[in-house]
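Here are some short exercises to work through with the structure open beside you. Try each one yourself before you read the solution.

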Amino acid sequence: MRRLLLLLLAGSNAFGQVYLRQGWAIQSSADLRESGAELSTTAYTPRGWYPATLPSTVLHALVESQVYPDPYFGMNLRSIAGTSYPVSFNFSNLQMPPDSPFRHSWWYRTSFQLDSSYKGKTVWLGFDGINFRANVWLNGRQVADASKMAGSWRLYRLNVTAAARPGETNVLAVEVFPPTPHDLAITFVDWNPLPPDKDMGLWRDVWVAATGPVAIRFPSVTTKLSADGSAELTVRAELTNAGAAPVDGTLQGGIEAGHRFSQEVHLAAGETRVVHEAVKLDHPLLWWPAEVGEQNLYTLNLQFATGGQTSDSSQTRFGVREVTSEIDSRGHRLFHINGKNILIRGGGYTFDMLLHSTPERQEAELKYVRDMHLNALRFEGKMEDEHFLQLADRMGIMLLAGWCCCDYWERWNQWDEEAHQVASASLRDQLRRLAAHPAVIDFMYGSDNPPPPKVEQIYLDIIKEVEWPNAYHSSATAKPTPLGGPTGVKMTGPYEYVAPSYWLLDDSRGGAHGFNTETSCGPAPPPIESLRRMLPTDKLWPINPAWDFHSGGGEFRNIHVFSEALNARYGPPGTVEEFARKAQMMAYEGHRAMFEAYGRNKYVATGVIQWMLNNAWPSMIWHLYDWYLRPGGSYFGAKKANEPLHVQYSYDDRSVVVVNSYYKPFRGLNVTAKVYNLDMTVRFSKQAALDMAEDSATRAFTIPEMAGLSATYFVNLTLTDSTGTEYSRNFYWLSTRPETLEWDKSTWYYTPTKTFADYTALNTLPPADLKFGSATMPQGTDRITTVTVTNAGSTLAFGVHLKVNKGSDGDEILPVLWEDNYFALLPGETRRVGATYSARDLGRSTPVVQVEAWNQR
């Protein structure tokens, strides 16, 4: 008998949820003649089916079975049957080709033992995600049909008591139909290709559970803080009577010790009712976002009893926190957490291309988010599962959720009655699910466009119905609506390479003012190690269509704007290794400039979402770390810029600014700036003392214009306290050639550069003489390798890059959290830099440190 995973999760019921993850098989309906009634019996023996482990799309299972080659490598995706749609086109808007093996429905089948304790109970069969519609059969009986079971974002909880067989082997067969261009499904827009199966399948968990006659669903707690330090909490839950007779019972609950409550409830047959309970906490421990406070969590326990028996129970972790937002006097949306302003600094999050993930990867990605000092993620039609949401709760990462653009989700004039029903049910399900999590602060029920009044009214009615406690608005753009009014946000780009000065110079587009829901400085080609993993050797250099295939769609189908800027600024590379090295420094420079501009300009600037945080597959564009979880230049530029106490240089007016993101002041700080020529002669030096108010930005002084600078020169900044303890350091490479932009040629996705900075002198830096040593120590299940590196020469060591490898010939250990990387070392300077990684990822290998630099020969 196969072993099933039994997990009791937040909001789960008294008898546990049995997750049906192992032992599935899939097969195309084109290769079957049997009906669902036959397939869902023990009498049927599957032959020639493909094994699957849930959650899984059809294509993911077939790739795991080696039916198709690795779709993430090179051009392999184009060799998979059904991938004949145009490259760089949004496949979600096209019909599947007639010869596609995914044009037909596919069957998922499994058998499982249902515990005998389920006898006499209400048995539930749950589907947390089906793409797109399905017929469901259990033990020879159809329990759901595709006319009603449709929608990628629906949560299904089927009462299968009549079909279930406690104490026996049960057989479940699910016929899944792929999404069409007229379905509210999942799309990747222009971020990456959509696979040929359009991610059809059981893409989230399937489970069985048992309750008494009444089940508890969607428990949540909302907070209203009082001036006296107390919190007025509202407990909300839905009670469903699944039986044919009325039920009288008692809902009992508790929040930690000493805060218990109960209420009598009468439920008619088949009735679902929302119940509320008010609870007051005196001086509770509050939940705060990352960097500004602790992520304190409480436990809500609920139990419904009737006839002296527990019918259902639940346990939910929640945070005591109050999130509000306002449209300020400039028309910008400003968020408040527990009464305090907060600058949103985040990234746009995406699923994997085949919708595959693991708890370990989710945790690694959120650790990266925290390590870069980001405090938020935006889900554009990519709302993650409960494990991810719980991690975000524990790690203090705020989540801004919403629907996606650029497919049927925004073609409202084509919607039929089913589309309206699916959209309504999807919103209702997702809002009730998300409301339980303190990390979730916002929902956008439109993306690139707001819905028309009819649809918006439906959405607003649902928001009111489910008592959504957080912010919401009609789109990710500045477009107002008659019903929703102004959004207070903008979606003005850019998405392509722009000069670092853009963010402080622009005053009407995507610059550092207002709340930009998606923007970036364009491509971020990954380090050479990742390029070698994603491309065949013969496609590594020069740039070719294989590179383009791993770019984006539409205007972003290649990286020519980025590479032309790199050639002009850093000099044309002669090898792929040189290109990758220069690309890391240009991505570092660009992403640092964007985040720093928003930090300096708070709260004229109220939020910025880097487009994007991550990629669905190995990509040349839009990420802060690549698909292999390798952090490159963009990662460390963002990490540097978002330091909670940070010193930075301003590209617009040469001012040196300190940004404090903490909710506490700092007194007696010292800021030092030094300007160096390429030969490391000092051209300017200044120190100033200053005090920093909480959550503020202060100009310390301005570096004057000066003559006698080399064509490429450097600015080195440090921030210390009165004892010399360093809080922040920052190193800039600058050019005496002005970098100017062609503002009158701006498009929706970028502003061209007219004259480029000249950093080609960096190619003439004498070789650096680096000496280093390392030591590795255990810390729980992790290992920490500390590298001590010294610049023993008389020239600058530029772009110093550290790696920890698995042995002398092994791969880099990933994921990894470096304290700093791609940094500069002045002559005679020594740095100690730590790297934290999992002992599991090291395995039995010996960690070996590798040190590289731009000018290391």
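**Exercise 1.** How many residues line the second largest pocket, and which lie nearest its centre?

*Solution.* Keep in mind that you're looking at a predicted model.
- Step 1: the lining of the second largest pocket is made of 25 residues.
- Step 2: nearest the centre you'll find Y649, Y651, R654, Y713 and S735.
- Step 3: two elements, β37 (712-720) and β38, give two or more residues to this lining.
- Step 4: sort the lining by character, and you get 15 nonpolar, three polar and seven charged residues.
- Step 5: the volume of this pocket comes to about 580 Å³.

**Exercise 2.** Find the disulfide in the structure and work out its handedness.

*Solution.*
- Step 1: searching the whole structure turns up one disulfide.
- Step 2: its partners are C405 and C406, with sulfur atoms 2.2 Å apart. That fits the cut-off, since a disulfide needs sulfur atoms within 2.5 Å.
- Step 3: look along the S-S bond of C405 and C406; the torsion there is about -80°, so this disulfide is left-handed.
- Step 4: what about C404? C404 is in no disulfide, and the nearest cysteine sulfur, that of C405, is 4.9 Å away.
- Step 5: now check accessibility. C405 is buried at 3% relative accessibility, and C404 is buried too, at 4%. C406, with a relative accessible area of 31%, is partly exposed.

**Exercise 3.** Why can helix α12 be called largely enclosed by the rest of the structure?

*Solution.*
- Step 1: find α12 at residues 633-641 and count its buried residues: nine of the nine are buried, so the helix is largely enclosed by the rest of the structure.
- Step 2: name them. The buried residues are G633, S634, Y635, F636, G637, A638, K639, K640 and A641.
- Step 3: ask what does the covering. The elements over these buried residues include α3 (359-371), α11 (576-600), β32 (645-649), β38 (726-735) and β44 (817-818).

**Exercise 4.** Explore the largest nonpolar core, then look at what surrounds W733.

*Solution.*
- Step 1: as background, nonpolar side chains in soluble globular proteins tend to be buried together.
- Step 2: here, the largest nonpolar core has 271 residues. Those with the most contacts inside it are F102, F127, L172, L202, I344, L399 and W733.
- Step 3: helix α11 supplies the largest share of this core, 12 residues.
- Step 4: zoom in on W733. Leaving out residues up to four places away in sequence, W733 touches Y570, M585, Y588, E589, R592, Y713, F714, Y759, L762 and F798.
- Step 5: there's also a second, separate core of eight residues, and L39, W49, W107 and W137 are among them.

**Exercise 5.** Is G511 buried or exposed?

*Solution.*
- Step 1: locate G511 in the loop between α7 (502-505) and β30 (514-519).
- Step 2: the relative accessibility of G511 is 0%, so this glycine counts as buried.
- Step 3: beyond its neighbours within four places in sequence, G511 is in contact with K490, Y502, W503, D506 and Y598.
- Step 4: move 10 residues along the chain to C521; the C-alpha atoms of G511 and C521 are separated by 11 Å. C521 counts as buried as well, at 3% relative accessibility.

Conventions:
Residues numbered from 1 in each chain as written. Predicted model: local features only at pLDDT ≥ 70, side-chain atom pairs only at ≥ 80, totals over all residues. Heavy atoms only, no water. Buried < 20%, exposed > 50% of the residue type's maximum accessible area, 1.4 Å probe, protein only. Helix = DSSP H or I, 4+ residues; strand = E, 2+ residues; numbered from the N terminus. Contact = heavy atoms within 4.5 Å. 1 Å grid on protein atoms, 1.4 Å probe; cavity = no way out; pocket = protein on both sides within 12 Å on 5 of 7 lines; lining within 4 Å. Points joined across faces, edges and corners; volume = space filled by probe spheres on them. Nonpolar A, V, L, I, M, F, W, Y, C, P; charged D, E, K, R; others polar. Core = buried A, V, L, I, M, F, W, Y, C linked by side-chain atoms within 4.5 Å.
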